[in-house]
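Welcome, and please have your viewer ready. We will go from stop to stop, with something to select at each one.

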Amino acid sequence: MSKPYPDEPSKDPSAPPPGWDPAVKAGAAYPPPPPYQDNPMPPGGYPMPAQPYPQYPQGTTVTVQPTIYVTQTPLAHPLPDYLGYSIFTMLCCCLPLGIAALVYSILTREANHQGNQEAAQRNSRLARILNHTALGIGIAIIILYIIYFTVIVAH
């Protein structure tokens, strides 16, 4: 690869700026790092702890608590998620409300699977309300469409 300005080194993009001194370091204003501190190693090769281990009196028993795992199981009687209804209203009635209903249907399904009764009730109710609203808007648009064309065609 040839340089763009072979006879003029000052115009070379990789050339240092005029007045640049390589002996001067850019980071000279910063203090040097702290000196290395020599930590003696014991004969076994492991570093000594900063503080000694606590010493317990003879006969003291240390009891360790057992680990408890909390898992949630799916609800025994899951709430309806209205997933099919949401897909229908999204495709056939009102797309924006159908998408919102679909999102809440999926959230209901996840809450049912996680065993979260409150979230499942809230999301199921909201999915049902959005589906009913989308269906009502879709039916109203279809009725208005039919009325409009019967009036236009009749005249």
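**A tour of three helices**

Start by displaying helices α2 and α3 together: they cross in a left-handed manner. A crossing is called left-handed if the near helix is turned anticlockwise from the far one by less than a right angle, and right-handed if clockwise. Helices (H or I, at least four residues) and strands (E, at least two) are DSSP runs, numbered from the N terminus.

Before going on, a word on the model: it is predicted, so local features need pLDDT of at least 70 and side-chain atom pairs count only at pLDDT 80 or more, while totals for chains, interfaces and linings use all residues. Residues are numbered from 1 along each chain as its sequence is written, and side-chain values use heavy atoms, with hydrogens and water left out.

**Stop 1: the whole chain**

Zoom out and colour by secondary structure. The protein has three helices and zero strands, in the order α-α-α along the sequence. Of its 155 residues, 15% are buried; buried means under 20% relative accessible area, exposed over 50%, and partly exposed in between (1.4 Å probe, protein chains only). Switch on the surface: about 13,500 Å² is accessible, and 65% of that belongs to carbon and sulfur atoms. These areas come from the Shrake-Rupley method with a 1.4 Å probe, and for residues only the protein chains shown count as cover. Among contacts (heavy atoms within 4.5 Å) between residues at least 6 apart in sequence, 62% join residues at least 24 apart.

**Stop 2: α2 against α3**

Go back to the opening pair. The axes of α2 and α3 are 8 Å apart and the packing angle is about 160 degrees. That makes α2 roughly antiparallel to α3. Axes here are lines fitted to C-alpha atoms, for helices over the stretch in contact, and angles run from 0 to 180 degrees between N-to-C directions. Angles under 35 degrees count as roughly parallel, over 145 as roughly antiparallel, 65 to 115 as roughly perpendicular and the rest as oblique.

Show side chains next. On the α2 side of this contact, select residues including Leu97, Ala101, Tyr104 and Thr108; on the α3 side, the residues they meet include Ala120, Asn123, Leu130 and Ile137.

**Stop 3: along α2**

Select α2 alone. Its 20 residues reach 29 Å from first C-alpha to last, close to the 28 Å expected at 1.5 Å a residue; the expected span is 1.5 Å times one less than the number of residues. Its buried residues are Gly98, Ala101, Leu102, Ser105, Thr108, Ala111 and Asn112, and they pack against α1 and α3. An α-helix has 3.6 residues a turn, so residues three or four places apart point the same way.

Now centre on Ser105, in α2. Is Ser105 buried or exposed? Ser105 is buried, with a relative accessible area of 0%. Leaving out residues up to four places away in sequence, Ser105 touches Asp81, Tyr82, Leu83, Ser86 and Ala127.

Just after α2, click on Gly115, where phi is positive, near 85 degrees.

**Stop 4: Tyr82 and α1**

Move to Tyr82, in the segment before α1. Tyr82 is not a glycine, yet its phi is positive, about 55 degrees. With a relative accessible area of 23%, Tyr82 is partly exposed.

Next, add α1 and compare it with α2. Their axes come within 7 Å and cross at roughly 165 degrees. That makes α1 roughly antiparallel to α2. The contact is made by Leu83, Ser86, Ile87, Thr89 and Met90 of α1 with α2 residues that include Leu95, Leu102, Ile106 and Arg109.

Then pair α1 with α3: these axes come within 9 Å and cross at roughly 30 degrees. That makes α1 roughly parallel to α3. Here Tyr85, Ser86, Phe88 and Thr89 of α1 meet Asn131, His132, Ala134 and Leu135 of α3.

**Stop 5: along α3**

Finish on α3, residues 117–154. Its 38 residues should span 56 Å at 1.5 Å a residue, and its end C-alpha atoms are 55 Å apart, which agrees. Among its buried residues are Ala119, Ser124, Ala127 and Gly138, and their cover includes α1 (83–92) and α2 (95–114).

Last, pick Gly136 in α3. Gly136 counts as partly exposed, at 38% relative accessibility. Draw a distance from its C-alpha to that of Thr89: the two residues are 47 apart along the chain, and the separation is 9.7 Å.
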